[in-house]
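Please open the model in your viewer and keep the sequence panel beside it, so that each selection can be followed in both places. The tour moves from one residue to its surroundings, and then outward.

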Amino acid sequence: MGLGGCIILIAVGAILTFATDWHMQGVNLDLVGVILMIVGLIGVTTFSSIARRRRVVVPPTTQTVVEERRQDGYSDGYGV
């Protein structure tokens, strides 16, 4: 489950907790909403800690210098 899934869990949990007034026998929707928000927060913190570990700082590489020999237009090396 990625970061988007965790945020969706938090949003659905908040909707169930604060924005609904349904009453189902045997199911407390407020408690279900709170549980979904808690699971979403745990997922966000877990995802953030894993993503922080994946970031690896790579030192910049040094450029290699290639020297070219100029032969003044002659390819055989017997230039005047």
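Begin by selecting threonine 17, which counts as buried because its relative accessible area is 15%, below the 20% cut-off used for that class. Bear in mind throughout that this is a predicted model. With the cartoon shown, you will find threonine 17 in helix H1, which covers residues 3-18.

Next, display the side chain of threonine 17 and look for its polar neighbours. A polar atom of this side chain lies 3.3 Å from the backbone nitrogen of valine 34, and the backbone oxygen of aspartate 30 is 3.5 Å from a polar atom of the side chain of threonine 17. If you then select the residues in contact with threonine 17, leaving out its neighbours within four places in sequence, you should have Asp30, Gly33, Val34 and Met37.

Now stay in helix H1 but move to isoleucine 7. Is isoleucine 7 buried or partly exposed? Its relative accessible area is 49%, so isoleucine 7 is classed as partly exposed. Switch to a surface view and add Leu3 and Phe47 to the selection, since together with Ile7 these residues form a nonpolar patch on the surface, with about 240 Å² of accessible area between the three of them.

Finally, clear the selection and view the whole protein, which has two helices and zero strands. Of its 80 residues, 11% are buried. The protein exposes about 7,400 Å², of which carbon and sulfur atoms supply 61%. Among contacts between residues at least 6 apart in sequence, 52% join residues at least 24 apart.

Technical notes
Residues are numbered from 1 along each chain as its sequence is written. This is a predicted model: local features need pLDDT of at least 70, side-chain atom pairs count only at pLDDT 80 or more; totals for chains, interfaces and linings use all residues. Side-chain values use heavy atoms; hydrogens and water are left out. Helices (H or I, at least four residues) and strands (E, at least two) are DSSP runs, numbered from the N terminus. Buried means under 20% relative accessible area, exposed over 50%, partly exposed in between (1.4 Å probe, protein chains only). A polar contact is a pair of N or O atoms within 3.5 Å; within protein, one must be able to donate a hydrogen and the other to accept it, and residues adjacent in sequence count only if both atoms are side-chain atoms. Contact means heavy atoms within 4.5 Å. Patches are made of residues with over 30% relative accessible area and no salt bridge: like charges are joined within 9 Å, nonpolar side chains (Val, Leu, Ile, Met, Phe, Trp, Tyr) within 5 Å. Accessible areas come from the Shrake-Rupley method with a 1.4 Å probe; for residues, only the protein chains shown count as cover. A salt bridge is a side-chain nitrogen of Lys or Arg within 4 Å of a carboxyl oxygen of Asp or Glu.
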